[in-house]
Amino acid sequence: MLDNTSFLQALFAIRLLFTYDFRMTRDGLQITLDKILPSLYRFSAAVSTDLLLAEQNIVDAVTIFLMENKDFLSTEDYDLNDRDQRVSFSKFLYNEVLFEIYFLIEKKTVIKQGVSSGLTPEYEEFNQLNCQERAVLYLKEVESFSIEELQKLMSLKYHEIIQIFYNAKDKILRDSKKDQEIDNFMEQVSNSRNFQLINSYVYDTCRESQRSRVETLMLHSQDLRDYCQNKESERSFLIQLIPEISLKKSDLSIVRREVISIVNDIMPKDEVN
């Protein structure tokens, strides 16, 4: 009679006989890249402020990532039929390529006056931010990145990400009518600790442990509730000033072909089981 440990070991050994080697295959990599490509393209286009440069950044970023990680990808085991592993790998791949795109934009992009190729005049304020500010503002407000996720992506400290975010927010709103409309009210209350907490609450820059405290404070103060409503209106207006690129399938066709070619050139051929 097998004890529990021996039984589990035997069961695992039997399972291995009837499972495939789930090392990352070309097809699996291409499928995963294809799913995250629209988000990568929108980020690259918004932060580089140039649609043509956006495409080249993606191609270069995928090339750099694969060249640096092909051995790891070829030997690591992934079961893309397993939902958790599939989601985990997709997130890993997205963050890694996203970082490479950001790094390339930071090196290549020179801040341009006026409107860059492919982006409309309504985003002029956003275009004038520096690369780091555009990236943080876009990822946080459009892609819903948390401060912690931005920390890891950009290798910065918590307070540095917050500082970059608020600097970018203040710059983009500085000359807007919306900002001027609520400016007097903001001046009266902005130095209060409680109002600062509301501000961080609305913009999701406070720590999770502070959220319940802020909600309790608002229950007992009409001024705080009014301030919160104003900040929510401000944030909604801010999001309208950040490019959210609309894509058609045809927009990605060239990039897709390039990415498939890169994967085929760099990754080893799939083994036939």
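1. In this predicted model, the charged end of Lys-140 is placed over the ring of Phe-165, at 4.6 Å from the ring's centre. Phe-165 itself is buried, with a relative accessibility of 0%.

2. Phe-165 also takes part in an aromatic pair with Tyr-166. The ring centres of Phe-165 and Tyr-166 are 5.1 Å apart and their planes meet at 70 degrees, so the pair is classed as edge-to-face; the cut-off for that class is an angle over 60 degrees. Tyr-166 has a relative accessibility of 16% and therefore counts as buried, since the limit for that class is under 20%.

3. A second charge lies over a ring elsewhere: Arg-207 is found over the face of Tyr-158, at 3.7 Å from the ring centre.

4. The count of aromatic pairs in the model comes to 10. One of them joins Phe-89 and Phe-92, with 6.1 Å from centre to centre and 45 degrees between the planes, a tilted arrangement. Both residues belong to helix H4, which covers residues 83–108, and they are 3 residues apart, about one turn of the helix.

5. The accessibility of these two phenylalanines should be stated separately. Phe-89 is buried, at a relative accessible area of 2%, whereas Phe-92 is partly exposed, at 27% relative accessibility.

6. Phe-89 and Phe-92 should also be read in a wider setting, as they form one aromatic cluster together with Phe-65 and Phe-72.

Methods
Residues numbered from 1 in each chain as written. Predicted model: local features only at pLDDT ≥ 70, side-chain atom pairs only at ≥ 80, totals over all residues. Heavy atoms only, no water. Phe/Tyr/Trp six-rings, centres within 6.5 Å; stacked < 30°, edge-to-face > 60°. Helix = DSSP H or I, 4+ residues; strand = E, 2+ residues; numbered from the N terminus. Buried < 20%, exposed > 50% of the residue type's maximum accessible area, 1.4 Å probe, protein only. Lys NZ or Arg CZ within 6 Å of the ring centre and 35° of its normal.
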